[in-house]
Amino acid sequence: MKRMLLTGNAAAAWGARLANVDYVPAFPITPQTEIIETISNWIDSGELAGCRMVTMESEHSMITAAGGAAAAGVRVFTATSSQGLLYGMEMIYTVAGWRVPFVLVNVSRGLATPITLEPDHNDILAARDSGFLQIHCSTCQEVLDSTLMAYRLAEDERVRLPVIVNMDGFYLSFTREPVVIPDPEAVNRFLPPFEPENIRFLCGQPVSEAVAVLGGSSYSYFRYETHLAAMNAIHVYEEISKAFADVFGRAYEAVATYRTKDAEIVFFMMGSFATKAREAVDRLRDAGKRVGLVQPRLLRPFPEDAIRRVLTGKRGVAVIDQNLSVGKGGVLHAELASALYGRHGAPRVLVSFIAGLGGRDISPEEFYEMASVTGKAAEDEKIPPPRLLYTATELKEVRKLQAVAHVERKGGSS
Amino acid sequence: MSDPRFKTMKDLPSVHLLGAGTSMCAGCGGLEILHEIYDIMGEKTVVVNAAGCMTLLASYPFTPFGGSWLYTSMASAPAGAQGVRDAMDILIEKKRIKPEENLDVIILTGDGAAYGMGLSATSSAIERGLDFLYLCYDNEGYGNTGQQYSEATPHAARTATSRGPRGFPGYKKDLFEIWAAHRPAYAATVIAAEPLDLARKIEKARGIKGPRLLISLSPCPTGWGYDPKDSIEIGKLAVKTGIWPLKEYADGKVVHTHFPHPRLSVEEYLSKQGRFAHLFRPERNEALLKEIQAMIDAYWGRVR
C-alpha cells in the first residue's frame, strides 16, 4: 500500500492496472486522454506488460472492440467522455445486450451545443437506459476503488453486464488528491483473475452471439433478462461493497449519506460537487440547521429501497441536478420522485435545482439558499417551480460578451 | 502462383457446410458466394457481421453456421473483428486457450456498410494490419430495405430511390482500388458464378496473414429484377461483358485473373435485368448505353 497524489485520470488508470486488464481499446478525447496515455506508458515501460492496447478510429469502434474482446473472454478496460460516449452510443446499447462484462470509465463533460470541455452529467445520463450499470464517483480515491469494484460487479455470474465508472472532467480528472494505492496481493484477493466460463469463442464450441430475433416475445424475453440481471446487481453490489471494506477498510455504500440521521432537509446529488455539498452541510450544521446529504453512487441499477430508507421521515429534499433534460428538467429529480411517490413517510417536498452545467461552479451561498428554499417549501407544503441556478453577475457578464460580439460584427461588416 | 488444391471444378468441396432453409431470397447471389467461401474456410471460424440482408441468417434460435457468429452493427464489424482477434491472440499468448482452439475471423458485410458507413472502420482495420478475411457481398444497393441506391450502385440503374428515366445519376465507387491503396495483404474481386476463380483466391488468402478482402458482385433477383433461376447466368454475363473484372491485389500489384475474350456487349448483361429496362423500353437510350459501354471499354483499354 502506498499513498500518492493522483489525478482522477491517473486513479482510473491505476484501477485498470491493479485489475490486471488484458486489453484496452482506446480513443483520445479531452478530458479523458490522460487515462489512456498513462496505460500506454506503463505498457511501454513494462509495468503493465501483460496488457495490449489498440487505438481505434472512433469510440463507436472502440466500444465494439471492447465488447468483442470481452465476448471472447478477456478482461477489458476502456475510457471515453462526452461526445465520444454519444458517438459510441449505438454500441453502448448493443454490447450491454451481449451481456459482456467490462469496465468503461467515463469522464463527464457537457454536450454540444455549445461545445465545451467542462463537466456536467448529460453525457452519462444519455447512457442511463442502455443496460450498462453506472457507478458515480466524487473523489479520486473513489475512482480507483470503484474501478476494482466494477470488475467484480460486471463479472459476477448473477450480473454479467458492462459497468461505467463515472467521474467529472476537470474537477476530478485533472485534480490531484491523495490516493491510497492498494497492494496488488490485496487486490488479487478481492478481484481474482477473470474466469469467463461460457463467455468465449472457441473452436469446437460454436456460439452465436447477438443474433436477430423475430417478434416481440423473444425480444421482450432478452430485454427482461437484461433488466433482471441489472436488478440483481443491487444485492451483488452490497456484497461486493462489504468485501471491499473487509480487504481495504474503505466502505462505499450504494447510497452514500452524510449527517442525515437527524436531518430535516437533505441535498440529493451525484458527482464531485457533492463534496462541496458536504462542506455546505457542515457550515449549515454550525448555524444550527439540520441538513444532510444523500448521494447515490449507484445510478443503475437505481437503489430505490436504500434511497427510500435514508429519506423516510425527512421533510424536504433539494434535488441538485447537474444535467438538464431539455423540456422536462432535472433527471435525478424525476428518478427520485418515481421512487418516493405514494410511499409512507416519504418527504413531502422535492425541490428541483439545475446547477453545475458545463462546469459552472456551485457556490456555498447557493447551497445555503437551496437548503433555505427547500426548508420553506417543506414548511408551507408548497413546491416552488424548478430553479435554474444563475446569478445576476453571470447574466451581466454574458450580456457584456453579447455587446462585444455585436460591436465586433458591426465593425466587421463596415 | 497456381494453387495445387483447386485445379479444376472437380477439386471444389463436395461437402457443403452452410445449413439450408435460411431467410435469404431465392437465387440470392450473396448467399451463393457465402456457401462457396464457407465450404473452404470451414467451421473453425467466427463470422462477424455488419447489418444487412445476411444479418437475418442467424435468427434466434436458428443458424446455418456450424461455427461461431457475432452480429455487431452496420458500421463497426471490422472493430468487432479487431476485439475478437486481439482477445484470441491474448488468450493463446497467455496460454489460457490452446493454439488449436483458435478461430479465423471472417467479416461479413453488404455493400451498404462496406462502401459507406463501415468504410472508416475497414480502412482503419487494414491500417492496423488486422488478421482477418473480409467479404463484401455487393448487390449494388441497400437490398435489405428494398434496394435503394447505395455508393455501390452502378450508373443508370433504377432503384427504389432512383426511379427517374435515367436511373441512378452517380457512378459506382471503386472500392477495390480504395482497398488496394491501403496496401493490404490481399484483396480480390470475386463472383459466385466463377467458383474456381473464387476457390483459388480463397485458398491463396488463407495462406496469408493480415488484412484480406474480397468484394463479390452478388446478383440480386429481388433488387435487380430478374428470375431467381438466372442468378448464375447474370453473374457469368457480368464477367463476360467485362463490367465485373476478376482481379486480385497482392505484393503491391493488381493482376487480372480473367480476361473476357471475346468481350460481349454490355447490353447482354443489362437487358436481362429489370433495373436497366428503362434503357431499352419504351425506346433505346443510345446515349446512356454508349456511355456505359465506353466506360467498360476504357477500363479494359487501361488494363491491356
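**Architecture of the predicted two-chain model**

Asn20(A) lies in the loop between α1 and β2 of chain A. The model is predicted. In it, the phi angle of Asn20(A) is near 55 degrees, a positive value in a residue other than glycine.

The helix that precedes this loop, α1(A), spans residues 8–18. Helix α1(A) packs against helix α2(A), residues 33–45. The angle between the two is about 45 degrees, and their axes are 8 Å apart. An angle of about 45 degrees is neither under 35 nor within 65 to 115. The two helices are therefore oblique to each other. Their crossing is right-handed. On the α1(A) side, the contact is made by Asn9(A), Ala10(A), Ala12(A), Ala13(A), Ala16(A) and Arg17(A). On the α2(A) side, Glu34(A), Ile35(A), Thr38(A), Ile39(A) and Trp42(A) take part. By residue class, this contact comprises seven nonpolar, two polar and two charged residues.

Chain A is assigned two domains. Domain 1 covers 2–248, and domain 2 covers 255–393. Their C-alpha centres lie 28 Å apart. Contact between the domains involves 25 residues of domain 1 and 20 residues of domain 2. On the domain 1 side, α6 (122–125), β6 (133–136) and α9 (216–248) of chain A each supply at least two residues. Helix α9(A) gives the most, with five residues. The domain 1 side divides into 13 nonpolar, eight polar and four charged residues.

An open sheet of six strands is found in chain A. The strand order is β10-β12-β11-β14-β15-β16, and the pairing is mixed. Its edges are β10 (255–258) and β16 (387–388) of chain A, each of which pairs on one side only. Within the sheet, β11(A) (residues 265–268) and β14(A) (residues 316–321) pair in the parallel sense over four bridges. Here Ile265(A) stands opposite Gly316(A) of β14(A). Helix α12(A), residues 331–340, packs on this sheet and touches β11, β14 and β15 (349–354) of chain A. The direction of α12(A) makes about 145 degrees with that of β14(A). A further helix, α13(A), spans residues 364–380. Helix α13(A) lies across β11, β12 (291–296), β14 and β15 of chain A, at about 140 degrees to β14(A).

The interface between the chains brings 36 residues of chain A into contact with 38 residues of chain B. On the chain A side, β2 (23–26), β3 (52–55), α3 (59–71), α5 (89–97) and β9 (208–209) each supply at least two residues. Helix α3(A) contributes the most, with nine residues. The chain A side divides into 21 nonpolar, ten polar and five charged residues.

Strand pairing also links the two chains. Strand β9(A) and strand β2(B), residues 68–71, pair in the parallel sense over two bridges. The bridge partner of Glu209(A) in β2(B) is Leu70(B). Strand β9(A) thus appears in an open sheet of nine strands, ordered β9(A)-β2(B)-β1(B)-β3(B)-β4(B)-β6(B)-β5(B)-β7(B)-β8(B). The pairing in this sheet is mixed. Strand β9(A) is one edge, and β8(B) (253–256) is the other; each pairs on one side only.

Inside the nine-stranded sheet, β5(B) (residues 186–191) and β7(B) (residues 247–250) run antiparallel and are joined by two bridges. Ala188(B) stands opposite Glu248(B) in β7(B). Helix α1(B), residues 29–41, packs on the sheet. The strands touched by α1(B) are β1 (45–49), β3 (104–110), β4 (132–138), β5 and β6 (211–217) of chain B. The direction of α1(B) makes about 160 degrees with that of β4(B). Helix α6(B), residues 195–206, lies across β4, β5, β6 and β7 of chain B. Helix α6(B) runs at about 160 degrees to β5(B).

Cis peptide bonds are found in both chains. In chain A, the bond from Thr113(A) to Pro114(A) is cis, with omega near 0 degrees. Pro114(A) sits in the loop between β5 (103–108) and α6 of chain A. In chain B, a cis bond joins His261(B) and Pro262(B), with omega about -5 degrees. Pro262(B) belongs to the loop between β8 and α9 (267–270) of chain B.

Conventions. Residues are numbered from 1 along each chain as its sequence is written. Chains are lettered from A and ligands numbered from 1 in the order in which they are written. This is a predicted model: local features need pLDDT of at least 70, side-chain atom pairs count only at pLDDT 80 or more; totals for chains, interfaces and linings use all residues. Axes are lines fitted to C-alpha atoms, for helices over the stretch in contact, and angles run from 0 to 180 degrees between N-to-C directions. Angles under 35 degrees count as roughly parallel, over 145 as roughly antiparallel, 65 to 115 as roughly perpendicular and the rest as oblique. A crossing is left-handed if the near helix is turned anticlockwise from the far one by less than a right angle, and right-handed if clockwise. Two residues are in contact if their C-beta atoms, placed from the backbone, lie within 7 Å. Ala, Val, Leu, Ile, Met, Phe, Trp, Tyr, Cys and Pro count as nonpolar, Asp, Glu, Lys and Arg as charged, and the others, Gly among them, as polar. Two strands pair if DSSP finds at least two bridges between them. Domain bounds come from an automatic or database domain assignment.
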